[in-house]
Amino acid sequence: MQVDHVVCAFCGCVCDDIRVTVEGGRITNARNACALGKSWFLNHGAPSDLPVARIEGKPASLDQGIEEAARCLAGARYPLIYGLSSTSCEAQRKAVALAEVSGGCIDCCTSVCHGPSGIALQGVGEPTCTLGEVKNRADLIVYWGSNPAESHPRHMTRYAVTPKGMFVPEGRKGRTVVLVDVRRTPSARAADIFLQIRPGRDFEVLWALQALVNGRKVDAASVENTGLSHEALAAMADRMMRCRFGCLFVGQGLTQTRGRHFNTSAAFLLVRSLNRHTKFALMPMRGHGNVTGVDNVLAWQTGYPFGVNFSLGYPRFNPGEYTVVDLLGRAEADAALVVAADPVASLPAKAVRRLAEIPVIALDTHESETTRCARIAFTTSTAGIHVGGTVYRMDNIPIHLRKVLDSDRPSDEEVIGRLLARVKELKAC
Amino acid sequence: MLKILNGEVYDPANNIDGEVRDIRIDGGRVVDAFGDGRENGSCRTIDASGMIVMPGGVDMHAHIAGPKVNTARKMRPEDHRLAPVPRTSVTRSGVGRTVPSTFTTGYRYAAMGYTTAFDAAVPPIAARHAHEEFSDIPVIDKGFFVLMGNNEYIMQQIASGERERMRDYVAWLLGATGGYAVKMVNPGGVELWKSLGNARGLDEEVAGFGVTPRRIIESLAEASMNLGLPHPVHIHCNNLGVAGNWETTLETMKSLAGRRGHLAHIQFHSYGGDPGGLFVSRVAELAEYVNTHPNITVDVGQIMFGDTTSMTGDGPLAHMLHQVSGRKWVNVDIENECGCGIVPIEYKDRSHMHTTQWAVGLEWYLMARDPWRIALSTDHPNGASFVSYPRVIRLLTDREFRREAMKKANPKAIAKTSLPDLDREYSLYEIAIITRAAPARILGLKHKGHLGAGADADVTIYDKCGDAETMFSVPRYVIKEGEILVEDGSIRRETFGKTLYVAPGYDKAVEKDIREFFRKYYTIEFENYPVQLEHYLPRPREVATIK
Ligand code: SF4
Ligand SMILES: [Zn+2]
């Protein structure tokens with residue numbers, strides 16, 4: 001059986017043109033998908049012998065798991081709900097409600113990837129566009145601190161570099177591609193210009209470019225340690241001002257290195273200044289399939305895009321206080337519900353140590369380091385393969401997932417919904 | 001079943017002006033009498049003696065859901081932290097002054113006696129997002145207008161004279177988005193903004209498309225009419241917020257040539273003066289035209305002094321506001337369809353310009369002769385938050401209050417307007433018209449804005465106490481679909497209202513051409529574009545087209 005127009009929810013590109021072949025109840029091919037997407041489709045889900053729930057590593061029924069997990073959350077003083085970037089908005093909406101009744105914090109992967117982009121938006125705003133605008137109009141593409149060839153393999157071919165668009169009928173030939181990074185990544189091959197800057201010098205380069213765009217003088221000494229000559233910087237500023245429609249794609253090389261939200265703010269301000277000369281947009285290269293969705297759900301339900309605290313019965317926002325690394329690193333959270341994320345494998349050691357001390361409830365579609373050490377682990381079905389739902393592409397376009405296969409396992413939405421109902425009962429609220 | 005006895009009823013659609021009447025409600029509707037001899041059976045009764053009974057309020061132009069509103073939420077933590085809303089045993093928590101979270105939006109409308117609201121500008125490609133937020137906006141019924149005034153497919157069809165194909169596309173797009181009406185924002189200008197330009201007049205050519213704003217307006221007005229849409233084309237004119245823009249506004253009205261059309265937030269489009277200079281009011285000329293042309297309706301877009309968030313489908317306007325104020329600025333260009341801009345803005349009573357805008361809004365209310373063709377709005381949150389409607393009502397009903405308010409504003413600016421000479425005071429009957437009966441009628445909602453048999457049982461009951469602002473801020477009871485949801489300003493039960501949408505018929509042959517356009521210029525598959533109504537509209541209510 002073939003299913004067309006299937007949506008890949010693996011990375012922020014959310015390609016929706018996948019032709020999936022199903023044979024004998026398994027996906028055997030995913031045409032149009034990149035290597036990452038193919039692997040997501042073909043290796044989806046946990047082995048069928050992985051139980052739907054485990055308590056302390058022992059198989060349990062779904063009901064037992066729910067009861068145990070609900071008691072754990074209801075009894076916690078300061079629980080944390082974390083992850084959510086690889087599940088549907090329908091599950092995310094229930095997770096926010098659960099955080100609210102639990103009176104703890106909810107944070108998503110944004111706080112460890114593009115949180116600094118969110119903070120820049122709060123500080124200076126954001127000139128941006130959808131990916132179709134890039135395809136139809138952009139004649140200058142700049143990837144900064146991003147390696148799309150490996151992280152978003154179809155970004156260049158589907159949206160930003162090779163496609164022919166309404167006002168770029170020549171496709172690739174009609175665009176100039178610049179890669180800015182601290183090392184020559186595989187993406188450099190696809191770029192016309194590679195600007196290698198010294199590690200930790202992004203802010204200085206961005207600030208100098210902004211000054212040049214604003215017609216100020218930049219003396220050579222101030223850019224000495226950036227790895228780029230004054231001439232190279234001036235040429236780049238000039239190129240950006242003279243393009244017809246430019247787009248700066250901001251990667252984690254900017255957001256997770258020295259300077260963080262100073263870097264992103266400098267990048268956003270640079271693009272803002274460029275709009276005095278030409279049309280220029282920017283876009284954070286959001287990683288996980290629906291990390292953009294969880295920002296959106298949190299924003300519409302609570303006003304804030306990540307790191308939200310409900311201890312006082314209403315939402316509060318304070319990155320550095322209510323964010324995952326800090327809550328765990330300071331040993332504040334006393335229980336954690338992890339949804340569709342693997343913090344044990346990805347967070348700093350101090351945070352992981354705390355996860356080993358407190359009861360962890362994990363929901364995931366497959367076995368991970370986090371599910372392995374969780375006190376209660378649920379094996380859920382995969383949004384985009386077993387259940388439908390909504391995901392948001394990196395440019396905030398909402399896309400509906402197609403269900404391709406049946407599954408006996410419950411969805412994240414179902415498990416979180418049941419936890420919500422039970423925690424409400426237990427807390428009598 | 002519910003009986004509301006002895007209330008002073010204001011139901012202008014049924015010519016009831018403060019007479020004492022009983023209202024009977026059964027099955028979520030207003031009924032003449034309970035059938036089957038149940039008249040004396042047990043049912044809840046509200047004794048509304050000495051109270052005022054009106055249909056639930058209808059907000060026909062606000063920005064409450066979708067990508068633009070949500071980006072504004074993400075952008076304004078400093079606004080949210082001033083107004084946290086704790087959870088209760090029946091309601092969800094939230095935040096927000098000028099861009100409230102979804103739950104808070106629904107509760108606040110309901111607590112103010114409004115039971116229906118429309119979002120005025122949703123990008124078609126993000127319709128799904130607006131519906132997702134609607135699913136988290138409690139109590140009220142809601143719908144949205146679909147941005148079409150800069151749609152590249154539409155412009156191509158206009159340029160090549162494909163009128164029928166364009167009309168079929170409009171019908172397809174309304175159905176695909178689950179939208180309610182055709183909206184235009186700065187027609188042609190937002191397309192030009194994609195290369196840093198703007199449309200300054202109705203006959204300026206939209207580069208690359210061979211059309212003009214005038215042709216876009218005419219064509220979409222025509223299509224809305226031919227499709228029999230319940231609400232006519234909804235227009236945000238070119239040149240919003242620019243001195244001298246009244247001529248563009250007048251030209252836009254004339255270009256409708258007798259076709260029905262609604263001009264949104266007319267206050268922002270009624271300025272004389274030289275571009276770049278001070279605003280002067282041109283309400284007199286425009287109101288005269290509206291007064292004598294029954295095909296035209298308006299909502300005001302009143303500004304109120306204070307800090308708010310400007311959010312608009314008019315990208316070049318937001319950029320202008322950003323350049324004037326230097327405050328943070330969001331711009332989003334949306335493929336093939338539209339764009340948006342967001343800037344925080346503070347309206348200052350000392351400012352000559354802001355005072356003029358404030359007075360222009362009030363002049364509109366006071367100079368429009370037919371209240372059935374003017375709706376109360378603040379273009380929430382552009383002019384002010386919707387929670388300021390009760391204060392706007394007091395400004396209209398209480399001459400003395402208005403005089404006092406004028407004294408606090410910029411005196412030079414006030415002196416140049418006709419506001420000091422306008423003595424008119426709105427009656428409660430007229431307030432009931434501009435806050436419920438008229439917007440419902442302009443929207444083509446036959447079951448809303450009145451209390452006759454068959455109407456939706458959305459009813460607001462006010463205590464006659466204090467001034468109009470107090471009275472309209474905290475209704476005694478708010479009834480939605482026959483259920484008492486609000487008592488004394490607090491939500492007693494959480495329900496979710498319906499989503500109002502249209503699904504006009506069209507010739508399916510058009511889809512082949514649309515599909516080809518998608519293949520070339522969109523980044524999402526044609527097959528994945530239409531909103532799955534069964535999934536995203538938990539309580540759908542289709543409103544029929546007019547035959
Ligand atoms: S680029 Fe991303 S969304 Fe597209 S197929 Fe590859 S992994 Fe999936
Ligand atoms: Zn508006």
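**Reading rings, zinc and packing in a two-chain model**

Biologist: Both B:Y109 and B:F386 are buried. What does buried mean here?

Modeller: Under 20% relative accessible area, with exposed over 50% and partly exposed in between (1.4 Å probe, protein chains only). This is a predicted model: local features need pLDDT of at least 70, side-chain atom pairs need 80 or more, and totals for chains, interfaces and linings use all residues. Residues are numbered from 1 along each chain as written, chains are lettered from A and ligands numbered from 1 in written order, and side-chain values use heavy atoms, without hydrogens and water.

Biologist: How many aromatic pairs does the structure hold?

Modeller: A pair of aromatic rings is described by the distance of the centres and the angle of the planes. Over all chains there are 27 aromatic pairs (Phe, Tyr or six-membered Trp rings, centres within 6.5 Å; stacked under 30 degrees, edge-to-face over 60, tilted for the rest). B:Y109 and B:F386 make a stacked one, 3.7 Å centre to centre with 5° between the planes. B:Y109 lies in helix α3 (residues 102-111) of chain B, and B:F386 in the loop between β20 (374-375) and α13 (389-397) of chain B. They are 277 residues apart, and the pair links distant parts of the chain.

Biologist: Which residues form one aromatic cluster?

Modeller: The tyrosines are B:Y153, B:Y169, B:Y521, B:Y522 and B:Y529. B:W172, B:F517, B:F518 and B:F526 join them in that cluster.

Biologist: Now the metal. Which protein donors does the zinc ion (ligand 2) have?

Modeller: Donors are N, O and S atoms within 2.8 Å of the metal (3.2 Å for Na, K and Ca); water is not among the atoms, so sites may look incomplete. For the zinc ion (ligand 2), the protein donors are B:H61 (NE2), B:H63 (NE2) and B:D379 (OD), lying 2.1 Å from it. Along the chain their spacing reads H-x1-H-x315-D. B:H63 sits in the loop between β6 (57-62) and α1 (67-75) of chain B, and B:D379 in the loop between β20 and α13 of chain B, so the pair ties together parts that are 316 residues apart in sequence. B:H63 is buried, as is B:D379.

Biologist: Which residues of helix α10 (residues 283-291) of chain B are buried?

Modeller: An α-helix has 3.6 residues a turn, so residues three or four places apart point the same way. In α10 of chain B the buried ones are B:V283, B:L286, B:A287, B:Y289, B:V290 and B:N291. The buried residues of α10(B) pack against two helices of chain B, α9 (246-255) and α12 (352-367). They also pack against strands β15 (280-281) and β16 (296-299) of chain B.

Biologist: How many helices and strands does chain B have?

Modeller: Chain B has 19 helices and 26 strands (DSSP runs numbered from the N terminus: H or I of at least four residues, E of at least two). Its radius of gyration (over C-alpha atoms) is 22 Å, close to the 24 Å that the globule rule (2.2 Å times the number of residues to the power 0.38) gives for 547 residues, so chain B is as compact as a globular protein of that length. The C-alpha trace of chain B spans about 70 × 60 × 45 Å along its principal axes. Of the 547 residues in chain B, 68% are buried. Among contacts (heavy atoms within 4.5 Å) in chain B with a separation of 6 or more, 75% are between residues 24 or more positions apart.

Biologist: And what is the secondary structure of chain A?

Modeller: Chain A comes to 17 helices and 20 strands. Its radius of gyration is 22 Å, close to the 22 Å of the globule rule for 429 residues, so chain A is as compact as a globular protein of that length. Its C-alpha trace spans about 65 × 50 × 30 Å along the principal axes. In chain A, 65% of the 429 residues count as buried.
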